[in-house]
Amino acid sequence: MSADSMRIGIVGCGGFARFAVGHFLKLPGVSVTAMCEPEPNAAKLGAEAFGIPNVADVETLVRRDDVDLVYIATPPALHHPQGLAALKAGKHVICEKPLAVSNEQADELITTAHERDRLLVANLMQRYNPIYDAVKSVLDSGLLGDVLHGFLENYACDEQLSPQHWFWDPKLSGRIFIEHGVHFFDMFEGWLGPGKVVAAQTSRRAGGQEDQVQCTIEYPGGVYVNHYHGFTQPGPFDRQMFRLLCERGDITLHEWVPTKMVIHALVDDAALRQLTELLPGVKVDTLATYTGEARKFAGRHKTFAADRLVDLTLGEDADKMVRYGEILQGMFTDLRAWILDHSHQRKITEDNGRNSVRMAVAATRLTDEM
Ligand SMILES: NC(=O)c1ccc[n+]([C@@H]2O[C@H](COP(=O)([O-])OP(=O)(O)OC[C@H]3O[C@@H](n4cnc5c(N)ncnc54)[C@H](O)[C@@H]3O)[C@@H](O)[C@H]2O)c1
């Protein structure tokens, strides 16, 4: 592997792999050399997209000299055995989320990656969204006061998930918190610190498939966040909303790959100036102004002064698939920089993969106890 080349071998060339690898290939020096895909139609689409051979099995793929990095995009339960095979063959691994479907599997993968000094990450790509950083900088600034509460509502479309899809098979998917919730456990941990699952529920269809889950997580400072995921909706009703409620305002994001953030807040002139400095390009809409005695506000028996009620909007309702592509390229670029130079500080490590699996496993277990 030379400094400007990175040759990818794909394990599982289904829908997401073709989308993600298509974006990785836009980066200089990145190529794809082989795939391992047992399903004939997916293999045909992979060959059409990338013009690469389809090898017989994962062992064959990971032994190839022309593969530097194995990208695994198979159903979740396969991530552990396939990741282990790739690491033991000395390859770097980017694995689709989740890293694994149990804590023990995640730990074994990480130990093996450390022993071999290889990259091992789950593609928790949300951390590469500039909106993630914008939320983090506002929360860390304290300009909205303490965080009090949050929610994530994921009303997801299930039109692409036929009754035979692996998503509904708990042995392959690990169930919804593990297959899907990990993205959001990781994001909220990044914003609020390590959390603890304190309640969790599941709801099933007549056929027994789990299609809705929710849990409450306690974050440092007694901040409770409700995470809901339901795979029940027709296409046009697929929608997501995040909210972080603070003492002097709230932050709202729409779509699960958010492209826009709106802060609704009471601010004095100094706080407004600091927020606009923190968020270059932010649009300020003043909804009300206050003078004299009207500047005094209180909440939680704390008083503060504000000059305005504002909506601060950062970003546009841009095409989320365009943003998704940019995020995938940002992720790959960051991780390749670490492979080439371990002193590079990357945004995600194996810890993100392990911690998000831990939360998801805890939430899943609690649904069974309640
Ligand atoms: N990071 C993200 O935003 C994101 C988005 C979508 C999906 N995903 C993840 O990507 C993974 C794949 O999801 P998908 O939607 O592409 O599913 P998919 O069913 O379209 O693709 C999975 C592919 O794996 C193949 N496969 C099955 N067994 C295999 C084996 N033993 N060896 C090699 N290939 C095998 C299947 O034939 C299929 O083509 C999942 O882990 C999912 O959670 C991540």
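The following exchange between a trainee and a mentor concerns the predicted model shown above.

Trainee: What conventions govern the numbering and the values?

Mentor: Residues are numbered from 1 along each chain as its sequence is written, and side-chain values use heavy atoms, with hydrogens and water left out. Because the model is predicted, local features need pLDDT of at least 70 and side-chain atom pairs count only at pLDDT 80 or more, whereas totals for chains, interfaces and linings use all residues.

Trainee: Which helix gives the most residues to the largest nonpolar core?

Mentor: A nonpolar core is a set of buried Ala, Val, Leu, Ile, Met, Phe, Trp, Tyr and Cys residues joined through side-chain atoms within 4.5 Å; buried means under 20% relative accessible area, exposed over 50%, and partly exposed in between, with a 1.4 Å probe and protein chains only. Among the 115 residues of this core, Ile10, Phe24, Tyr71, Trp191, Leu192, Ile251 and Met261 touch the most other members. Helices (H or I, at least four residues) and strands (E, at least two) are DSSP runs numbered from the N terminus. The largest contribution, 10 residues, comes from residues 176-192, helix H8.

Trainee: Which residues does Ile251 touch, not counting residues up to four places away in sequence?

Mentor: Contact here means heavy atoms within 4.5 Å. Ile251 belongs to the core members with the most contacts to other members. Its partners are Val135, Val138, Leu139, Leu144, Phe242, Arg243, Leu244, Met261, Val262 and Ile263.

Trainee: Are helices H4 and H5 roughly parallel or roughly antiparallel?

Mentor: Axes are lines fitted to C-alpha atoms, for helices over the stretch in contact, and angles run from 0 to 180 degrees between N-to-C directions. The axes of H4 (residues 79-88) and H5 (residues 103-116) come within 10 Å and cross at roughly 10 degrees. Angles under 35 degrees count as roughly parallel, over 145 as roughly antiparallel, 65 to 115 as roughly perpendicular and the rest as oblique. H4 and H5 are therefore roughly parallel.

Trainee: Which residues of H5 meet H4?

Mentor: On the H4 side, the residues are His79, His80, Gly83, Leu84, Leu87 and Lys88. Their counterparts in H5 are Gln105, Glu108, Leu109, Thr112, Ala113 and Arg116.

Trainee: Which strands stand at the edges of the sheet of 9 strands?

Mentor: The sheet is open and mixed in pairing, with the order S7-S8-S9-S6-S10-S11-S12-S16-S13; two strands pair if DSSP finds at least two bridges between them. Each edge strand has a single partner, so one side of each is left without a neighbour in the sheet. The edges are S7 (196-204) and S13 (283-289).

Trainee: What are the bridge partners of Gly150 in S10 and S9?

Mentor: Strand S6 (residues 147-157) pairs in the antiparallel sense with S10 (residues 239-246) over 8 bridges. S6 also runs parallel to S9 (residues 223-233), to which 9 bridges join it. The partner of Gly150 in S10 is Leu244, and in S9 the partner is Val225.

Trainee: Which residue in S4 is the bridge partner of Tyr71?

Mentor: Another open sheet has 5 strands in the order S2-S1-S3-S4-S5, with parallel pairing. Within it, S3 (residues 69-72) and S4 (residues 92-95) pair over 4 bridges. The partner of Tyr71 is Ile94.

Trainee: What is the omega of the peptide bond from Lys97 to Pro98?

Mentor: Most peptide bonds are trans. Pro98 is found in the loop between S4 and H5. The bond from Lys97 to Pro98 is cis, with omega near -5 degrees.

Trainee: Is Arg175 buried or exposed?

Mentor: Arg175 lies in the loop between helix H7 (170-173) and H8, and its phi is positive, near 85 degrees. At 15% relative accessibility, Arg175 counts as buried.

Trainee: What is the relative accessible area of His301?

Mentor: Strands S14 (residues 296-299) and S15 (residues 302-305) pair in the antiparallel sense over 4 bridges, with 2 residues between the strands of this hairpin. One of the residues with positive phi there is Arg300, near 55 degrees; His301, in the loop between S14 and S15, has phi near 65 degrees. His301 is exposed, with a relative accessible area of 86%.
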